[in-house]
Amino acid sequence: MIKNEIEFILNDELININNVDTNVSVLNYLRINKRLTGTKEGCASGDCGACTAIIAELKNNKLEYKAVNTCIMFLYSLHGKQLITVEHLSNTKLHPVQQSMVDNHGSQCGFCTPGFVMSMFGMYKDKVKPSNQNIDEYLAGNLCRCTGYNSIKKAAKKMYSYGRKDKFSKNENKIIKLLKKIKHNDILISKNNNKFYIPLNLKNLIKYIQNNKHYKFVTGGTDIALEVTKKNNTINSLIYLGNNKDLNYIKIKRNYINIGSATPINKIIPILKKYYPSFAEMFYRYGSTQIRNVASIGGNLGSASPIGDSLPALLALNAKLILQSKNQRLLGIKYFFKAYRKTALKNNEFIKEIRIPILKNHIFKCYKISKRIDDDISSLFVAYLIKLRNNIIIDVNIAYGGMDSIPNFAFKTQKYLIGKELNLKNIEKSKQIIEKDFNPLTDVRASSYYRKLVSKNLMDRLFLEINNNKVRI
Amino acid sequence: MQSNNLFSIKKEHESSKKHVSGKAKYIDDILEPKNLLHGAIGYSTIAKGKIKKIDLSEVINSKGVEKVITYRDIPGVNDVGPVFKGDPIFIENNIEYYGQPIFAVAAKTNELARKAVKKVKIQYLEKKPILDIKQAIKKKSFVLKPVKICKGNAINEIKKSKHTLEGELYSGGQDHFYLEGQISMTIPQEDNNFLIYASTQHPSETQQIVAKSINQKFNSIKVKVRRIGGGFGGKETQSFIFSVISTLLSKHTNKPVKLKIDRDDDMIITGKRHDFYYKYKVGFREDGCINGLKITLASRCGFSPDLSGAINDRAIFHIDNAYYIPTIDLISYRCKTNTVSNTAFRGFGGPQGMYCIENIVENISEFLKIDSSIVRKNNFYQKNTKNITHYGMKIEDNIINDIFDHLIKQSNYKKRRKDIINFNNKNRILKKGISITPVKFGISFTTTHLNQGGALVHIYTDGSIHLNHGGIEMGQGLMTKISQIAANEFGVSLKDIKISSTHTEKVPNTSASAASASTDINGGAVIDAINKIKKNIEIYISKKFKYKGKIIYKNNKVYFGKQKIDFKKLISNAYFERISLSASGFYKTPKIFFDNKNFKGRPFLYFAYGAAVSEVIIDTLTGENKLIRVDILHDVGNSINSSIDIGQIEGGYVQGLGWLTNEEISWNSKGQILTHSPSTYKIPVSNDIPEKFYVKIYKKGKNKENVVNRSKAVGEPPLMLAISAFMALKNATSNKQLKAPANPENILMAINR
Ligand SMILES: Cc1cc2nc3c(=O)[nH]c(=O)nc-3n(C[C@H](O)[C@H](O)[C@H](O)COP(=O)(O)OP(=O)(O)OC[C@H]3O[C@@H](n4cnc5c(N)ncnc54)[C@H](O)[C@@H]3O)c2cc1C
Ligand code: FES
Ligand code: FES
């Protein structure tokens with residue numbers, strides 16, 4: 001059975017909808033259709049956080065709350081979820097995070113404030129310790145031009161002192177019941193010749209793509225939604241993978257971490273922390289909490305941007321991809337990137353799974369360099385995978401992002417280093433060779449000169465870190 | 001005598017509860033009229049040249065479009081220039097920057113309007129644009145004539161000096177990045193009148209410019225502003241064009257029109273902070289004392305003058321910062337380039353002036369190998385000597401020496417500096433830096449006539465008070481402070497005071513909310529109005545109670561002699577005795593004057609002072625850096641509301657930090673701006689401020705001048721405290737050639753030069 005409407009809960013009201021355009025964002029739906037204007041638009045590109053709202057999803061019979069940027073989220077991707085907006089936080093009394101913001105003078109012009117309140121609410125629901133680091137992690141996706149953040153951070157530090165239980169804790173069972181009522185079917189919305197398809201499972205998805213053409217996949221939407229919000233284009237046919245359980249998993253199997261392509265970055269961090277801490281550490285600087293909550297590893301590969309952060313890391317790790325059409329195929333990631341934003345994906349094919357080998361005897365390090373530390377796109381990125389035996393390099397991968405039109409290996413440097421002793425002299429030599437591997441561009445994020453210089457200098461950082469020197473600010 | 005109990009308190013922002021619950025309304029949140037149309041602007045995609053051919057047919061026929069307008073559809077003046085002409089609404093032919101408006105559409109929805117605009121076909125005749133300051137100077141391309149000033153014989157003094165240094169410096173531009181983008185909604189009224197909801201810092205000038213553009217009288221236009229989502233100077237004049245276009249579209253369709261500008265378009269179309277190029281030669285003594293300074297200031301004004309005259313003047317006024325410069329030879333170029341018309345931005349040229357002299361002082365210290373805090377102190381203005389500025393104003397309220405000494409102690413600067421030198425000796429890759437810098441910032445509009453303000457105060461018969469004034473609430477807490485002032489004057493509680501929108505119908509001919517002086521000026525006007533009402537009450541009391549003498553308003557009561565009466569009761573009684581309970585008030589800043597020709601006078605009523613210590617760490621492999629600790633001591637006079645003042649200080653510092661570190665505007669060789677979105681233009685985020693961020697108000701602060709509560713303006717001055725962060729970074733690179741903005745790339749370049 002295929003349904004032609006989605007169901008979701010807006011605050012505490014169950015909504016069935018199919019009569020708005022398939023390209024409409026959650027933000028525009030809230031502001032224009034529902035006249036809920038507390039959620040603001042500051043950029044419509046996912047960068048400012050003024051549009052932050054919270055999505056609650058049922059996971060293991062519990063609600064999981066996550067902050068999202070409503071400006072770059074398609075309305076129909078809300079199926080089966082609860083959306084909580086700032087209007088719903090307080091009734092007669094302000095919510096603890098709101099009261100803390102008032103008492104600590106966290107607002108000036110007030111335009112960014114609802115967004116901050118929602119991000120803090122997300123943090124509150126996650127019950128994390130309000131350390132400086134955690135606060136920065138949860139607030140990195142919210143810009144404020146007035147306060148200078150100090151008062152906002154104070155408010156976050158003190159929010160729990162206004163009570164650790166809120167009306168949402170009390171209402172949780174009611175919402176869970178409501179969410180459980182929502183039926184999960186295949187859903188196809190057709191509106192003005194535009195389509196939005198939500199496959200129930202992998203089987204249906206595979207069937208659908210055999211019979212349809214000219215569609216685009218959307219998972220987190222943090223890349224593709226900008227086509228609509230920034231370029232004013234219409235995407236006629238969308239297939240939404242974000243809800244799909246068959247694409248949303250992490251499994252350890254035979255020395256591989258197998259990750260479903262629709263798994264959001266934030267869900268991948270814990271497992272990476274265990275096997276590749278440097279990878280996990282970098283992921284904390286990938287976009288913002290709002291972005292990481294929905295942006296998928298498959299989408300990152302699918303956009304195939306030369307500055308996509310997981311790409312060089314996966315390259316260096318010799319990850320494998322499972323590509324799915326009618327049939328499956330396994331492809332080494334080094335064969336995936338063909339040219340600038342061109343991949344080996346065929347028509348009617350999508351990424352099903354990413355397999356990262358667990359290499360216990362290798363050293364893995366990756367470095368993201370960007371203008372701003374938090375929520376910025378890399379100027380350049382490098383990932384190293386090295387195996388040493390008696391301090392001799394017996395295996396080495398060095399993969400760069402931002403140095404070429406695709407994420408790529410430093411082939412000549414690798415070749416030079418293999419079989420060499422890991423010492424300062426050889427590192428110095430290798431730096432001269434990197435220059436022969438790449439001829440990077442100058443753009444807004446960095447000059448070619450800077451990229452070259454830093455790509456060499458990072459060899460020093462690598463060397464020092466392998467030798468346990470503390471060289472990070 | 002006032003009770004004064006409502007001052008110096010930590011009263012929260014008047015709208016804070018509404019902010020946090022999403023109930024505070026901005027223009028885009030106002031309930032839309034039923035037949036509302038949405039506007040969008042089509043702009044040039046070359047930086048200089050002519051339009052050979054323009055084909056709008058597909059735009060006109062695009063779905064949902066009701067009207068397309070060009071310069072031909074402007075009944076009045078095709079110019080939104082505030083002081084000088086030169087800012088066309090729509091270009092007729094001559095294109096002067098990439099992003100210059102050419103036409104606008106009104107359509108049924110915002111989406112349809114934006115989609116329609118994309119369908120224009122334009123053939124251009126492209127010319128080579130002038131894109132940088134040096135090129136403009138070479139070609140003598142200026143928006144206004146250069147300004148020269150001389151004090152003493154600087155050339156001679158430099159020659160005679162034991163040491164001299166010379167060099168070039170740059171400071172970067174800055175996008176305002178107010179979180180609420182530009183927006184205006186016009187609603188047609190009877191008799192061809194228009195009501196405009198504008199996100200502007202300057203409703204009166206919006207009114208005037210809109211009226212001129214449609215060739216109507218000023219009294220046919222009403223402008224209303226409840227609050228704006230940040231301005232920072234970016235809505236002082238740059239908002240006008242949007243109100244003009246929404247009104248033109250409204251006039252032509254006879255329907256309400258909302259013009260909400262997309263963030264990228266906003267950053268493409270509107271002006272920014274002026275970037276500067278400086279060339280200097282300085283002569284100084286063994287102890288770093290400056291003998292003479294020869295200096296060239298040149299700024300990128302963009303294609304039109306806008307406010308560039310006053311902005312560059314303010315850069316000149318602040319080229320001394322807190323330092324006595326005995327002789328000076330200065331020239332200031334106001335360069336015309338084919339880029340957006342740069343405009344007001346918090347500090348209004350002041351930061352650019354200070355940045356220059358602070359670099360020079362830092363370079364002198366580096367040259368002499370003396371701690372720069374000592375060289376700074378050696379150059380400070382003094383109380384009774386060395387107290388005349390290069391524009392002839394005597395500084396009567398100097399407290400910088402005291403603030404500086406306090407902060408050095410309070411921040412443990414000396415010990416930390418030693419520790420840092422040790423750290424740097426021990427560490428090859430990571431380096432630290434520390435610096436303390438002063439701020440002395442002049443308060444008043446330097447265009448004397450702008451220093452006036454009005455207010456309107458009503459007391460209703462139940463004793464509740466309603467007031468309006470000319471200032472705009474843009475987050476700075478103006479409404480909160482003014483409410484406190486009014487409540488204090490009448491001795492009533494804050495709950496009894498209501499300030500509604502700023503409205504040209506209520507208070508006419510106002511100045512922009514700018515120059516940090518809004519509380520001083522509008523607060524003064526409110527007090528004037530209140531005093532008039534109090535006069536009436538005094539007459540009433542003297543008649544009714546046969547009492548002449550002091551009347552005290554306190555704790556919701558009015559005390560006179562041995563009697564007291566409830567404020568509410570008194571008001572109700574006075575009404576029945578036919579006493580007027582409403583008055584308008586006016587304020588003009590005293591003492592100030594300025595002779596533009598000779599660049600001499602007293603442009604400022606007073607100065608606000610402050611100092612900051614910043615400590616940073618950098619990674620010499622990548623240029624990545626982090627602010628470790630900031631200590632600030634800032635003078636706000638006798639604070640009206642200390643939490644609001646602290647908020648201004650912190651916010652100002654961080655905005656200045658963005659300007660001098662990560663915020664970078666870039667253009668390509670054709671003059672297209674490349675940084676037109678927050679994905680490429682990075683303002684500070686939470687993680688960019690240090691955990692150790694200690695901000696204190698200077699306790700002894702008291703304004704010498706007769707300003708409300710002896711407080712001081714606080715909007716702009718703290719921005720310049722962030723110069724300390726730049727100097728700390730410079731200190732960490734142990735190189736004097738660090739270019740602003742000090743982003744990782746520029747830091748690495750400085751190290752590897
Ligand atoms: C504010 C902001 C910050 C960002 N920061 C970063 C950052 O720090 N680092 C970084 O690397 N990126 C960043 N991005 C880019 C973007 O978020 C990532 O590329 C993200 O991983 C995309 O995932 P998504 O699920 O949202 O992709 P979507 O937008 O859903 O899809 C992206 C593309 O991939 C295709 N696609 C999606 N899923 C699949 C699939 N399973 N198989 C095949 N094709 C697929 C889509 O058709 C589309 O073309 C940022 C974006 C924003 C808006
Ligand atoms: S509006 Fe800026 S992130 Fe959504
Ligand atoms: S309070 Fe104005 S942007 Fe945050």
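Two strands count as paired if DSSP finds at least two bridges between them. The exercises below apply this to a predicted model.

**Exercise 1. Decide in which sense strands β8 and β10 of chain A pair, and place the two strands in their sheet.**

Step 1. Strand β8 of chain A covers residues 194–198 and strand β10 of chain A covers residues 237–240, and between them there are 3 bridges. Since two bridges are enough under the definition, the strands count as a pair, and the sense of that pairing is parallel.

Step 2. For a landmark within the pair, look at F196(A), which stands opposite L238(A) in β10(A).

Step 3. Reading across the sheet, the order in chain A is β1-β7-β8-β10-β9, which makes an open sheet of 5 strands with mixed pairing. The edges are formed by β1 (2–3) and β9 of chain A, each of which pairs on one side only.

**Exercise 2. Describe the shell of residues around ligand 1, and find which element gives the most to it.**

Step 1. The shell holds 31 residues, and the closest are G46(A), G220(A), G299(A), N300(A) and G302(A).

Step 2. Two or more residues come from each of β9 (216–218), α12 (297–303) and β17 (350–357) of chain A. The edge strand β9 of the first exercise therefore also belongs to this group, although α12(A) gives the most, with 5 residues.

Step 3. Sorted by class, the shell around ligand 1 has 15 polar, 12 nonpolar and 4 charged residues.

**Exercise 3. Characterise the contact between domain 1 and domain 2 of chain A.**

Step 1. The domain assignment gives domain 1 of chain A as 2–87 + 171–240, domain 2 as 96–165 and domain 3 as 381–466.

Step 2. Taken over C-alpha atoms, the centres of domain 1 and domain 2 of chain A are separated by 26 Å, and the contact takes 15 residues from domain 1 and 14 residues from domain 2.

Step 3. On the side of domain 1 that touches domain 2, β4 (52–59) and β5 (62–69) of chain A each supply at least two residues, and the classes there are 8 nonpolar, 5 polar and 2 charged.

**Exercise 4. Work out what chain A brings to its contact with chain B.**

Step 1. The contact takes 65 residues from chain A and 68 residues from chain B.

Step 2. Helices of chain A that each supply at least two residues include α2 (96–103), α3 (113–126) and α16 (448–466); α16(A) gives the most, with 8 residues.

Step 3. By class, the side of chain A that touches chain B has 32 nonpolar, 20 polar and 13 charged residues.

Methods. Residues numbered from 1 in each chain as written. Chains lettered and ligands numbered in written order. Predicted model: local features only at pLDDT ≥ 70, side-chain atom pairs only at ≥ 80, totals over all residues. Near = placed C-beta within 6 Å. Helix = DSSP H or I, 4+ residues; strand = E, 2+ residues; numbered from the N terminus. Nonpolar A, V, L, I, M, F, W, Y, C, P; charged D, E, K, R; others polar. Domains from an automatic or database assignment. Contact = placed C-beta atoms within 7 Å.
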